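Thank you all for coming; today I would like to walk slowly through one structure, beginning with a single residue and then widening the view. Please have the sequence and the model open in front of you as we go.

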Amino acid sequence: MVKRCGDGDPEAWRAFLPFFQEVGRRALRAFRLSPADADDIIADALASLYSGSLAHFRGGTTAELVGFLRTVVRNRAIDVLKHRNRWVPTAAPGERVAHESGALGVADAECVEFLRHTVAGLKREDQELYLMKARGLKEREIAEQTGRPPGTVASQIARLLERLRASLRDRGCL
Amino acid sequence: MDRLDQLTHGLLDRLDRDADGHPFSASDAHLDECLICLDRFVELRDALHGVATPAPVSPRLATRLEQLLGRTPAVPLPVRLVARVRRALDVRIPVWAVTGIAAAVVLLTWGTAHYASRPIETEWPVPSPTEPDRLRPAHRQSTRTVSGVVSSIRDATSNGVEAHVLSLRDASGATYLLFTWGRPTVRPGDAVEIEALFAAAAPGADPAVYQGVVTEVRRAK
């Protein structure tokens with residue numbers, strides 16, 4: 001499909017669009033944009049791909065294509081937010097955002113490191129729950145992807161976050 | 001956004017940075033031990049899940065693609081009107097602007113109350129020809145810079161708004177009690193340079209005690 005898109009095949013682009021929209025919306029989840037803004041950014045990224053960026057994709061797997069498209073969309077979002085001088089939540093590999101270094105104070109940096117060690121010490125399933133929640137997935141989506149009932153997911157997340165808060169409180173980070 | 005959310009965003013930033021150049025492996029044994037790869041795995045699984053069950057393409061995105069392909073489909077007038085209204089109502093107020101306006105309102109209220117309640121007979125500061133750059137009330141002077149060592153920091157957070165009172169002593173022995181928005185970025189014992197708006201001095205204190213609101217804190221070079 002990527003090759004056909006690169007050749008300018010309109011039908012390939014139309015088939016590509018739903019795929020790209022899903023990847024783009026997920027890439028923008030952490031940016032907490034309005035739906036209209038998210039649509040604008042995805043449309044801009046689409047224009048960039050159409051005008052030649054897609055030719056830069058060198059991978060061969062769906063996972064690599066997803067990673068490439070995520071980077072294109074997130075870079076576009078960071079450009080837009082930097083232009084508006086707004087806060088940017090995270091930067092993907094290869095992205096350099098001026099706000100990142102120094103945005104946290106010394107005490108915060110120690111607490112982030114403590115949180116990292118605490119999360120790394122959790123059970124694998126709890127680590128996944130925490131990361132999915134942190135990346136902005138809704139509980140319904142987490143339930144779908146982990147195969148657990150939504151109610152169970154909600155209570156597991158609540159207990160997990162309370163445990164993390166308790167650890168951070170004991171450490172003096174809350 | 002609560003404190004855990006803030007720290008979580010900090011952690012995600014670090015994972016993203018550390019993932020740069022980090023070889024990705026999705027083997028179970030590796031994911032059990034590597035938080036960076038587990039984070040990448042979770043994101044990838046989410047994206048693939050969405051791709052497997054795509055939502056209908058938004059009309060705006062479809063329109064954009066048709067424009068790129070050289071065709072402009074006719075959009076019905078009601079759809080265009082709804083889109084215009086939606087855009088018009090999509091007000092964007094940056095967080096820094098809201099914070100700045102709130103701080104300005106608090107400062108204005110505080111300054112007005114302080115001005116209204118000041119003793120009429122007080123002559124402040126005491127004129128001294130040998131010290132031409134003495135502090136003056138806020139309505140006569142904006143900011144000035146003081147250097148010294150942080151002697152203590154007290155939390156002044158209220159109603160979820162983070163703030164603290166920073167106590168600073170300079171080389172002359174004068175003490176500055178400085179209200180500061182946000183969380184502390186320095187610690188007791190740190191040598192700092194501070195720009196602040198000074199609004200009052202404790203009468204009769206020796207050495208002098210000044211009160212003010214910090215606008216910028218820098219570590220002394």
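Let us begin with B:Val51, which counts as partly exposed because it has 19 C-beta neighbours inside 10 Å, whereas a residue would need 20 or more to be called buried. Please keep in mind throughout that what you are looking at is a predicted model. B:Val51 is part of helix 3 of chain B, and, if we leave aside its neighbours within four places in sequence, the residues it is in contact with are A:Phe19, A:Glu22 and A:Val23.

That takes us to the contact between the two chains, to which chain A contributes 57 residues and chain B contributes 46. On the side of chain B that touches chain A, the elements giving two or more residues are helix 1 (3-19), helix 2 (28-33), helix 3 (35-52), helix 4 (59-68) and helix 5 (77-89). Which of these helices gives the most to that side? It is helix 3 of chain B, with 13 residues. If we sort the residues on this side of chain B by their chemistry, we find 23 nonpolar, 16 charged and seven polar.

Finally, let us turn to chain A as a whole, whose secondary structure consists of eight helices and zero strands, so that reading from the N terminus gives α-α-α-α-α-α-α-α. Chain A has 174 residues, of which 31% count as buried, and, among its contacts with a separation of 6 or more, 49% join residues that are 24 or more positions apart.

Technical notes: Residues numbered from 1 in each chain as written. Chains lettered and ligands numbered in written order. Predicted model: local features only at pLDDT ≥ 70, side-chain atom pairs only at ≥ 80, totals over all residues. Helix = DSSP H or I, 4+ residues; strand = E, 2+ residues; numbered from the N terminus. Buried ≥ 20, exposed ≤ 12 C-beta atoms within 10 Å, placed from the backbone. Contact = placed C-beta atoms within 7 Å. Nonpolar A, V, L, I, M, F, W, Y, C, P; charged D, E, K, R; others polar.
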